[in-house]
Amino acid sequence: MTSDDRGSWLRRQLAELRRAARLRVLPPRVAWFHWRAHRLASRRRDLFTLRSATRPADLRVLLELARDRRRVVELGTATGWTAVSLALADPCREVVTYDILAREPREDYLRLANNQARRRIEMVTEPGSSGPRDERPVDLLYIDSSHDRAETIAEVLAWRPALLPGAMIVFDDFTHPEYPGVREAICELGLDGERRGTLYVHTVAERSS
Ligand SMILES: C[S@@+](CC[C@H](N)C(=O)[O-])C[C@H]1O[C@@H](n2cnc3c(N)ncnc32)[C@H](O)[C@@H]1O
């Protein structure tokens, strides 16, 4: 091994260690999925997934917010990492996830999850703004789709009737400088809430009796 080879081997090991440290914030089943999914994505040079999947620190917050929430809808499936994570984190949770594209490597990542979790994920190839396909109420809506102002507003309006009192709407990339549309939509809709990392969380008011 030359000193250059040794240097790049060491850099790779350090990167792996840093990644393992970041995954420690996640529940073990979810961390294990992410570890294997990341290896697969790196082998396949699937840069889209490596760049677009929700980061472990934000995913930890999302999973905390989703605790005890049994019907979760995600808008923006991409290759399914967050949908799988939500399903793995709670064995009673159903996840419905929408994307305008059925991205090709998705099935390979889904295969890394157990059958029990996979059976609880419904994938819909439709824009998020097409809204619910049935009457079942939703207790968390996670929006990580176009990041466009008009589309985000249309998504909230389409899903609002399905949200239970006390349900949450979680917006991804609230602080991202390239996606002002998310902040503009929240502002235009007048949604109060709080920032959690790069997420913005709005809680649907309980109905007054
Ligand atoms: C940032 S990625 C989502 C990442 C995913 N939530 C995860 O954590 O793995 C955004 C995805 O939203 C999808 N998308 C864009 N516009 C959309 C729309 N109007 N409705 C639903 N999905 C949309 C894109 O095709 C892309 O796959």
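The following paragraphs describe the sheet, two of the helices and the ligand shell of a predicted model.

The sheet is open and is formed by seven strands, arranged in the order S3-S2-S1-S4-S5-S7-S6 with mixed pairing. Its edges are occupied by strand S3 (121-125) and strand S6 (194-196); each has a single partner strand, so one side of each is left without a neighbour in the sheet. From one strand to the next, the twist averages 20°. Strands of a sheet pair through backbone hydrogen bonds, in either a parallel or an antiparallel manner. S1 and S2 run parallel and are joined by five bridges; Leu75 has Tyr98 in S2 as its bridge partner.

Two helices may be considered in turn. Helix H8 (residues 149-159) lies across S1, strand S4 (138-143) and strand S5 (163-171), and runs at about 170° to S4. Helix H5 (residues 81-89) is largely enclosed by the rest of the structure, because nine of its nine residues are buried. The buried residues of H5 include Trp81, Thr82, Val84, Leu86 and Leu88, and Ser85 is also among them.

The ligand is surrounded by 19 residues, of which Gly76, Ala78, Thr82, Ser145 and Ser146 are the closest. Thr82, one of these closest residues, is also one of the buried residues of H5. At least two residues of the shell are supplied by each of strand S1 (71-75), H5 and strand S2 (94-99). By residue class, the shell around the ligand comprises eight nonpolar, seven polar and four charged residues. S1 and S2, which both supply residues to this shell, are the parallel strands joined by five bridges.

Terms used:
Residues numbered from 1 in each chain as written. Predicted model: local features only at pLDDT ≥ 70, side-chain atom pairs only at ≥ 80, totals over all residues. Buried ≥ 20, exposed ≤ 12 C-beta atoms within 10 Å, placed from the backbone. Helix = DSSP H or I, 4+ residues; strand = E, 2+ residues; numbered from the N terminus. Near = placed C-beta within 6 Å. Nonpolar A, V, L, I, M, F, W, Y, C, P; charged D, E, K, R; others polar. Pairing = 2+ DSSP bridges. Axes fitted to C-alpha atoms, helices over the stretch in contact; angles between N-to-C directions. Contact = placed C-beta atoms within 7 Å.
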